[in-house]
Amino acid sequence: MPHPQHLVNILTGIKGAMEMKDATPLAKIIKKAERPLLVIGPRALEVEIEGRPFIEYLVDIAKAANIPICATAHTKKKLLELGMTPESTYDVVEIVNALKDAEWKGVKGEGCHDFVLFGGIRTDLGNQALSTLKHFAPHLKTMTLCKYYYPNANFSLPNYKKEEEWKALLEGLVAGLK
Amino acid sequence: MKGKRKKEEKEKIIRAEDEWEPIGHTPMPHVTDLRNWDRRLLETYKPFYAPFCDLCCLCTYGKCDLTGTNRGACGIDISAQQGRIVTLACCMGMSAHAGHAAHIIDYLIEKHGEDYPIDLGDQVNVECPNIRTVLGLKPKTLRDLKTAVQYAAEQLVHVVSSTHTGQEGDAVDYESKALHISMLDHVCMEAADVAQIIGFKFPTSVADTPLVDMGWGSIDRKKPVILVVGHNPASSSEIIDYLRNKGLEDKVEVAGICCTALETTRYSNKAKVVGPLSRQLFFVRAGIADVIVADEQCIRTDLTDEASKVGSVVIASSDKACRGLEEVSDKPTDEVVKAMVDKGEHCLILDHEKAAEVAVEAALKIAPKRKKEEPIDEKKAIELAKACAACGSCTQVCPNLLPVGPAIQKLAEGDAEPFKQVFENCIGCGKCEEACPHGVPIFKLMQAVASWDTWKCRVGRGPVMDTEIRKVGAPIVLGTIPGVIALVGCSNFPNEIDEIAEMVDEFARRKYIVVLTGCSAMTVGMRKDKEGKTIYEKYPGDFDAGGVVNIGSCVSNAHITGAAMKIANIFANLPLRANYEVIADYVLNRVGAVGVAWGAMSQKAASIATGCNRLGIPVVLGPHSAKYRRLYLSRKEEGDWTVMDGRKKELVDTEEPSPEHLAIVTESKERAMVMIAKLCIRKNDTQPGRQIKLNHYIDLYKKFFGTLPDDLHHFVRTERDIPMFFKKEVKQFLQEKGWKPKPVLSLPTLIGTYETEVPVEATIR
Amino acid sequence: MPEFHVDIGPQYEGERVRKEDLHVEFGGPKVEYKAELVLLKGLDEVENEKVEIIGPDINDMEEGGSYPLFVEIFVAGEQLEKDMEPVIERRLHDFCNYIEGIYHMNQQDEIWYRISKDAFKKGFTSLKEFGEILIFEYTSDIDIIEKMQVNFYTDEAKVKEKVEMARVIYEERRARARGLKEDDVDEFYGCVLCQSFAPTHCCIITPERIANCGAINWFDGRAASKMDPEGPIFQVPKGETLSVLKGQFSGADETIQERSLGSVEQVWIHSAIEYPHTSCGCFQALYFYIPEVDAFGIVHRDFKGDTPLGMPFSTMAGEASGGRQVEGMCGMALEYIHSPKFFQYTGGMKRVVWMPKEVKERFKDAIPEDLYAKIATEDDTTDPNALGELLSQKGHPWISGEAQQELEERIAKEG
């Protein structure tokens, strides 16, 4: 199993995320989900990929596959500026708290989500949030879109050293989801 | 143990014949005596677990994988295991304070005798609200404080025992034990701080305590420098006394890191505050200290190695941290000093008076001998940074996820700004320098980007005065004071060290009462505004609207729970004595106070926060606190918010999630501020009070999120709750949400919604 | 909130504008004529949301200057009453202070307004905007104001004229307030704002007894109960007058019984011993019995020292609070000292033998001239035994027995 970029997140357990380096199988997995959800964190506001904020890539993904958004921290403001109204403004621990309840109605009232994508949450907090879902939410699967490997997700992108590779994956995903 | 003999034993200990208040239901509660309260609390604020490790390695059956529904060899599951670790952490935290309390009380009894009276000045009559409420004892002497600690210590044995293999298996019951021991943490902290205040004559009954110098730049490096690190003022007060007796107070610098800085400046306002825990390694490596006197808690465990590298000498002075050193408490002073001066030998001295003498005499001799390097400048830093090979090892090991490597690269290219940011956000662990295979002296580079400015910190003032509590009663009721915010805890901050000063400024200018303790109290002062003022110079130190109060050190945190208890007692006239359940219920439902532990790191922080939770005070935590493994979250509007109306004795579904959570992690300061404002809302708010609280909630939400709060309709009971500044748009919003008016209660209580001995009448008096 | 050049909110309330930050000020000690006045008009007499400026505007004025000002506000609404005028007028203080960069002090013809340089720089350059903000605040907060118009007079001659007109009105109102007796009205007002902290406490507010906290008088109570009928301030029908001297009314008793959850049966509003009014925790001062001299003292919240009871305010307040009737220890507003019925059933001002000198000086006008010097302060003594002797020396009428006899006669007559 690969190591996370930040060693404080090292896995101490036997179940770790599958590293996904290709957009195609990832797009397939996402499309198969009945009620996906995209959780966006504040790092997506600060991190840029070749001059373009990460959050804009996340918005592209959400649009491409019509995925509702949960805007954690203070990301709502920027999303509104980008023309997106998030379906939920629960903070990361609040949305995870709800997601782990299989009876929850979800952000659209249609039922709990079965596939949750994460992007823009700092790695230590993100990995902890994923731990909760790993142990307590067998009814859903998770994936991460950041340029770091998150051991506690089901599917995770690898640790990208080169921005271009990350960009390519994200754009490939958008294309595959349309 | 319930029984007649036990009851008699307790009545003897708490002096039942002393009739200052009727004795409540739970004098000196045992582990399970308040269990029903805990279970009721956790019904609404269910434990939320984020397992930090999927394994248990505590016994020889392990390692056991507990992923998902797997059970360990003893049968434990992942939730109970997290509860178990939380309980252990709270025990460690509580015992740190209990140990400190026991030590300091014994030390002061040696000096002043058991009967040394408790007198906290003429503005503080309710001297120990925690001890009064939890034990039912009104302490009068040092002996009484010792009694309180002994009771707590006995409870500790029972709680630690429950973490043994094959003991507790239920997560909620582990939480109950954690809540119990954490409540007792506040008892021990109170005993410690009250003992210190009376024993060392720290300031009390005064709001306008002096401002002292803060910052590594405030230290006169031409003088001999003694650094005190840790928490226990027994060491540092002896040093100050020795200097005063020898007329050397102006000739030797005494500087403190961590809580001992706050204690030392309460004893002498000539002492300096270097800064919080996050600056410990930076300061030690800068070699500014000639002698370092270390006592207990939060000190580098490799301090002696670090000191040797820069020619500083260490005196360890606590049995909690002997550091593998030879104990020389009984050796002749000259001999010890000689070994320190000539050979740089560190030593262990458990006699504080002796340690003080040795420290001063050694410092006087060492200082002229040492060639202290000046802090390096930017030019030198750029040169040294060129050794960086961009391998990325430092970035990988940083616990605060900082881009250390890229910043050093930029520095090598001549741009110091990114590295300055790294320093501002650095939590001071040293892993980066350790991991670097190319010997880049990262902590030395920091000297070039650190600010060598002198800031100001206000001396800790101890308990909130009874008169202050009475004075803020009316404004809190009528709403001109929207809440009490307590910024506490360690310096493991996610971002700039001055995010916390920003939060204090925001809430102080909005007329909240802001109190601070510990490393947070120091950190907030490390920022100057446009006019060159630190936050302590900008706002007064009164416990009143717009006041910024430094309560004191870690053990002073008990005065925060104490203040909440005093509001119930002094303002609402509820008896405290052995009445924990009623008081906690009161605080939860009717006192708009919120704790903020933005950089919580230690086990003590965990027990302090958990102790606040049992009393009904919610806490907002920074992102690192996700690693504590456990939060107390409600399901927001989907939870059950039924309470008993104490006036009509009926159950009422208020539909109002207030306070929404008891312990929550937020990632950004913007989210934290919005959450803090929301968590000050209580069901018994008067209409003017609710208007003002909502005004701030809406205003902050709009500022950071751009819209009205999405959950605003849950907090508007009638139209009179709507702040006038937003009336029209809120009315429209409410209409869109299909909002209907909700009940307004003046006496909401949880008593009566669960199985308890306490009658509903007790909440009214 | 509509867009204004400056921010509005309760957090600006304590904000001062110092001389260095001053753009322009109106009123204050340097200006002779200044006043603010709210008048009730008919619905057809008010042009809603109109703001007029008669004289120069802010951006015609010199930086740092002091100018005359008359603020004239017309309000109209079906449910508004003439007696509400001063209540509505007093809100100007809060509403001005809620505005970022504006500072308001005092009231009536002693007003002082300051506008900061920052506010001016941000674009707050006209009194028109000031008027618009005030209209926004007033109409947002007080539903029963249906129409509002604001006129700012800055022309010196006109201001003088208006101020002289206003002074007549202020005096009329003062006379009405002073002259209004419990006898003259059919309803009192009750307030339970403090009940979250003192569940059995309810203040009874009459024209001759202001609420314990000092914030709500009979006129305020009346206005509040009309503006917010579901709120914490409500009408209390007087019922039958059982005793004018005691201040006992059947309607008040019924209300108190209900609101105190049955723990208080009757209240003698102007008594400090038998059936006194309850105290919450918010009171400004205490009227307390000193057994050694069988007389009373007064002490206020700000007084830190010891009183003749051997304890400071904080300890005494603990004994008095919590919504109970405590004989000989009564929370009160300082303004109650001005009431002609001030604790009259138990001796009133003539039975007061001690108070902090700050209170004594402040309320000099409420103390009979020949009694003034005979009341002791903390400068004289706080020892109750020494107090007795001192009072005898001074010839205090209660100690001499003179006032006591007067009281007994009065009780015998009026009951």
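**A tour of the A–B interface, a sheet and a domain pair**

Start by showing chains A and B together: they bury about 3,900 Å² between them, with 54% of that area coming from carbon and sulfur atoms. On the chain A side, pick out R122(A), Q128(A) and H135(A), which give up the most area to chain B and together make 17% of what that side buries. Keep in mind as you click around that this is a predicted model.

Next, select the residues in contact across this interface. You should get 42 residues from chain A and 51 from chain B. Now look for charged partners: the rule finds 6 salt bridges between the two chains. One to zoom in on is D91(A) with R671(B), where the side chains meet at 3.9 Å, N to O. Switch to polar contacts and there are 26 residue pairs across the A–B interface, both residues at pLDDT 80 or more.

Which helices of chain A should you colour here? Go for α4 (76–81), α5 (92–99) and α6 (123–136), each of which supplies at least two residues to the side that touches chain B. The largest share comes from α6(A), with 9 residues. Colour that whole side of chain A by residue type and you'll see 17 nonpolar, 14 polar and 11 charged residues.

Stay in chain A, but move over to its strands. Six of them make an open sheet, and if you walk across you pass β1-β8-β7-β6-β2-β5, with parallel pairing. At the edges sit β1 (18–19) and β5 (69–71), each paired on one side only. For a close-up, select β7 (141–144) and β8 (155–156) of chain A, parallel neighbours joined by 2 bridges. Here M143(A) stands opposite F155(A) of β8(A).

Last stop: chain C. Colour it by domain, using 10–179 for domain 1, 181–279 for domain 2, and 284–320 plus 347–415 for domain 3. Then hide domain 1 and look at the other two, whose C-alpha centres lie 25 Å apart. Where they touch, 9 residues of domain 2 of chain C contact 9 residues of domain 3. Together these two domains bury about 660 Å², 63% of it on carbon and sulfur atoms. Select L245(C), A272(C) and I273(C): this trio supplies 60% of the area that domain 2 buries against domain 3, more than any other three residues.

How many salt bridges link domains 2 and 3 of chain C? The rule finds 0. Polar contacts come to 1 residue pair, both at pLDDT 80 or more. Finish by colouring the side of domain 2 that touches domain 3: 4 nonpolar residues, 4 polar and 1 charged.

Note on methods
Residues numbered from 1 in each chain as written. Chains lettered and ligands numbered in written order. Predicted model: local features only at pLDDT ≥ 70, side-chain atom pairs only at ≥ 80, totals over all residues. Heavy atoms only, no water. Contact = heavy atoms within 4.5 Å. Buried area = accessible area lost by both parts, 1.4 Å probe. Salt bridge = Lys/Arg side-chain N within 4 Å of Asp/Glu carboxyl O. Polar contact = N/O pair within 3.5 Å; in protein donor to acceptor, adjacent residues only side chain to side chain. Helix = DSSP H or I, 4+ residues; strand = E, 2+ residues; numbered from the N terminus. Nonpolar A, V, L, I, M, F, W, Y, C, P; charged D, E, K, R; others polar. Pairing = 2+ DSSP bridges. Domains from an automatic or database assignment.
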